[in-house]
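Colleague: I have the sequence and the model open side by side. Could you take me through a few of the labels and tell me what each one rests on?

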Amino acid sequence: MDFTFSPEHEALRRMIREFAENEVAPIAAEIDREGRVPFEVLHQMAEMGLLGVCFPQEYGGMGAGEAGYCILMEELGRICTSTATNVGAHIGIGAMTIYLDGNEEQKRKYLTPLARGEKFAAFLLTESDAGSDAAAIRTRAVRDGDHWVINGTKTFNTNGSFADIATVMAVTDPTLGARGGITAFIVETDTPGFEVGRHEDKMGIRGSSTAELVFEDMRVPHENVLGKVGEGFVAFMKSLDMGRLTLGAAGLGGAQAALDWSVQWARTREQFGVPLAQKQSVQWMIADMATEIEALRSLVYRVAWMVDTGQPFTQVAAMCKLYGSEVASRAIDRALQIHGGLGYSRDYPIERAFRDARIAEIFEGTNEIQRIVIASRIFREHGVRISP
Amino acid sequence: MDASFLDLMMAQQEESFEEAEGGGGVWVVADVEGGQIAPVTLEAVGAARTLAESLGAYVYGVLLGHEVTSLADSLYQAGADGVRVGDHPDLDSSVLESRLAVLADLFAEEQPEIILFGANATGAALAPRLAQRMGGGLIEHVTAFSLEESSRAVEAGFPVYGGDYFEIRACPEARPQFLTIEPGAFAKPFLDEYRKGDPTVLDVEPAEPATRVLGPAEGFEAPRVPLSEASVVVAGGRQVGDFALVRRLADRLGAHVAGDRGAWDAGVIDSDQIVDVRGTTVSPDVYVAVGIRGDTFHNAAMESAGFVVAIHPDRDASIFDVADLCVEARPDMVLPAILESLR
Amino acid sequence: MRITVILRRVLDPAGIVAHRRLRRLFINREEYILQPADRCALEVALRIKDAGDAEVVVVSGQPEPSDDTLRRGLAMGADRAIYLCGESFDDADDAVVTSVLKTVIGQLGGADLVLAGATTLDTGQGQLGIRLAEALGWPQIVGVRSVEAKNGRLRAVCQDEEQFVLVESDLPAVVTVCPEAVKPRYADGVRLINVYRGQGEMAESLETWDVGDMMSADELVPLLESRGRDFPPERTLGERVEGTPDEVAQTIADALRQRLRG
């Protein structure tokens, strides 16, 4: 078993780490405070080819695979969860859906500019009545000649407010439900009938855009149907599976940052005549953090390898998301405790990281859904079917 | 005390002092700064004397420039046994080729054992070129040395990673051995005003300069060094009194101005100048804390500074726990005197 | 126009601890970075290439176990890389490297401009570029901040005491670049992947040359020898400076002057 990263992945990590430390870190607090998306950083990443890291070079991507994408998310997650979220929504679910289910023409027309970062992508699924219960969406697409007319509202959407290209799930046959009644579409957001609604004022990841998107008689050509009519649900589930792995990677980065800050502070801060590092209570917190991070790292990169070698990965990707989000939350919580009052101050990054970490247990499929996915795979092997 | 006896003794020394002949020896290539022999040159002559004594050799100086002949006196006073002077308008420091030509000819004839330069811009440009031309080994930025008697090779130490530790290297066989001496590393030798000599004037054939200085670089702005990467920082606290003194000290030292949170509260610095874990962490070579009490959050943000000077009126101020030199005084009582001494 | 850039690597100081009391060096994290000054030199070369028609060739400036340093140079945008290796090259000092580089440049068919870092992050030695200038018999400009080159001539900005001056030279010439001169670019991602995988248009860009094939062993004898290390004394914190205000001021001023010289 060879657990080493390939030289190109080591080189990629070095480059991204330097970029994240020099270009993203200086603005991380500012974009959180101002609640703005750091387009200047996203454009730089586009120029470096990072916004297409996992897509093949023939489609304008970098060809670094899922391992490369996990490295990108880990290094960004270590510095700024907001930036990682912007990038993750663009690559991991927005463009990824087109890559997984698009035909050749759709890939050339839409995936290439997205991989090159010339355009931004979003993934439109969630609605006010359809969160975990994704199949309960109500956005409707009705066939009209060689077009489809879409009406409906999507909520809690990342990137939708500035994306050029979006993949949208809509109901095409209300009688059929998830199997056969839902279709995925590629839409160009400058098409009339697409409106950006209310922006969410969030607890964390305030450097990312979360908004409501309204479709009002938006006409989408039939050739923009992703995959086959009625098979949209399956297409979306495939994307979400891929996205789960890289969310785990972002959590890994965040947890590592929490550990690094904690170690530095424990070294420096003295109370009762000794540094905190000499206190067992602190040592144990650090040891627990480090152990979980090590386990998460092995999990994330093994799953990346499984994806890159064509093995089934749905269950283990769900584990990455579940474990990654919880490890990150635990780590930043312990880091806050170790830093004490200083960690609570808005002038120190822990407070922001704490607010940013919480969403990971909720979006991209709540951890409850992840547990159901994991359990259902386990029981299926024994002939037991579970319904959510 | 009868001073005339002293004069007689000195006069005897003057007379008995002969101009040393050429061949071998420890040579120092002199620099001129502000119309005087540069301090680093004098330090190099002192270092050369130490080497020469162990080797049983003579110390020579080479002085190249325009209208510099009178400066040869300082070289004798510092300990040179012989001085060669090249005086010519083209031997101005920015024209490399003429100096190189004169030195190459001189050293080809004299065959020094060791040649010392100051580790300044001139030394950096000249020493390697000459070493390459003569097939000698070169060690730059030397801060200490010892002599390996058997091979007559200098074991020279120089700082690594800015002084975290020192590497020692030697040039056992190739001659001459070239060293550039780090300014301030060796003591300035005693200048014996009774030590005199008659410099030998060199024939100078100016060489064609290969590069031309066109003039000031219009509109060129060096990239701004952010506080987090500053190599010298002067930081003032709330208790400084007149913050202008802090700025003047920073100006004199070529340092960045900073402060603690108290200074920011008092409105004398901007928020990007706060040295604090909640602000900017600095790691300069030199940090001067003026009127800063020094709490954990400030101290943690400058703990990796190489050398810390702290001035504060309270003897129990925590800044003194992290400072190399501690001055228990009011800043406005000491700063003016420090500024004066730095002139 | 052909520009040759000398590339070297150095241990990242963030991974090293020099323990004064134990008088030992601890390498906690063995990671290498490009010499910052060499990286600036490559950036300067790439900017000249962006502005006109130039080929940038990167060459090893020191003996190294692998070609990673040169791959980093290729990823940044160099067109060609020459990795020098061979047992006889393993102990090379700056004098030997100079001799090898002179031969390499000859075998490449010459160059119009050679760029190198003006100093090294670890040892602070700036002699390599200048030795090479002498060996080639070319003009040198030392410690530049920026370079423009065209029509057989170059112009560089250098620092002369307190001000910046413009220096001109004919080509070919050797120029050494300051470590903080320019902000080096990040590698292009696609290029980086292709360089490391040896695929696409970067497939043939890295060449390995054995120094033993080009030069004889007695041309490769180093002039310098390592004689060990020394460590500074431990820091003594909390030393109070006593005396009259003038005496105190003098002590402080002397200490500051000492630390800031050089």
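Modeller: Sure, and bear in mind that this is a predicted model. Let's start right after helix α4 of chain C, where C:G137 takes a positive phi of about 75 degrees.

Colleague: What makes α4(C) largely enclosed by the rest of the structure?

Modeller: A residue is called buried when 20 or more other C-beta atoms lie within 10 Å of its own. Nine of the ten residues of α4(C), which spans residues 127-136, are buried, so the helix is largely enclosed. Charged residues turn up in that set too: C:R131 and C:E134 are among the buried ones, along with C:L128, C:I130 and C:L132.

Colleague: Which residue follows helix α5 of chain A with a positive phi?

Modeller: That's A:G117, with phi near 75 degrees. The helix before it, α5(A), covers residues 104-115, and its buried residues are A:K107, A:Y110, A:L111, A:L114 and A:A115.

Colleague: How do you know that the buried residues of α5(A) line one face of the helix?

Modeller: Look down the helix axis: the buried residues fall within an arc of 130 degrees, so they line one face. What they pack against is α4 (81-101), β1 (121-124), β4 (165-171) and β5 (182-188) of chain A.

Colleague: Where does α5(A) come into the contact between domain 1 and domain 2 of chain A?

Modeller: Chain A is divided into domain 1 (7-120), domain 2 (122-230) and domain 3 (234-380). Between domains 1 and 2, 25 residues of the former are in contact with 18 of the latter. On the domain 1 side, α1 (7-34), α4 and α5 each supply at least two residues, and α4(A) gives the most, with twelve. By class, that side has ten nonpolar, eleven polar and four charged residues. The C-alpha centres of these two domains lie 22 Å apart.

Colleague: Why is A:N159 called buried?

Modeller: The cut-off is 20 other C-beta atoms within 10 Å, and A:N159 has 26, so it counts as buried. This residue also has a positive phi of about 75 degrees although it is not a glycine. Its place is in the loop between β3 (147-158) and β4 of chain A.

Colleague: And why is C:R23 called partly exposed?

Modeller: Exposed means 12 or fewer such neighbours and buried means 20 or more, with partly exposed in between. C:R23 has 13 other C-beta atoms within 10 Å, so it lands in the partly exposed class. Phi of C:R23 is near 55 degrees, again a positive value in a residue other than glycine. You'll find C:R23 in the loop between β3 (16-19) and β4 (24-27) of chain C.

Colleague: What makes the bond from B:R175 to B:P176 cis?

Modeller: Its omega is near 0 degrees. B:P176 sits in the loop between β10 and β11 (177-181) of chain B. Chain C has a cis bond as well, from C:L171 to C:P172, with omega near 0 degrees; C:P172 lies in the loop between β11 and β12 (173-177) of that chain.

Colleague: How do you know that β13(B) and β11 of chain C pair?

Modeller: Pairing takes at least two bridges between the strands. These two have five, in the antiparallel sense, so they count as paired. Within that pairing, B:G215 stands opposite C:L166.

Colleague: How many residues of chains B and C go into the contact between them?

Modeller: Chain B gives 66 residues and chain C gives 59. Several elements of chain B each supply at least two residues to its side, including α5 (121-134), β13 (211-216) and α9 (331-341). That side has 43 nonpolar, nine polar and 14 charged residues.

Colleague: Which helix gives the most to the side of chain C that touches chain A?

Modeller: For that contact, eleven residues of chain C meet 14 of chain A. α5(C) gives the most to the chain C side, with six residues. The chain C residues there divide into seven nonpolar, one polar and three charged.

Colleague: What confidence scores come with all this?

Modeller: The model scores ipTM 0.95 and pTM 0.93. Chain C averages a pLDDT of 95, and 100% of its residues score at least 70.

How values were computed:
Residues numbered from 1 in each chain as written. Chains lettered and ligands numbered in written order. Predicted model: local features only at pLDDT ≥ 70, side-chain atom pairs only at ≥ 80, totals over all residues. Contact = placed C-beta atoms within 7 Å. Helix = DSSP H or I, 4+ residues; strand = E, 2+ residues; numbered from the N terminus. pLDDT = per-residue confidence, 0-100. Arc of directions from axis to C-beta. Domains from an automatic or database assignment.
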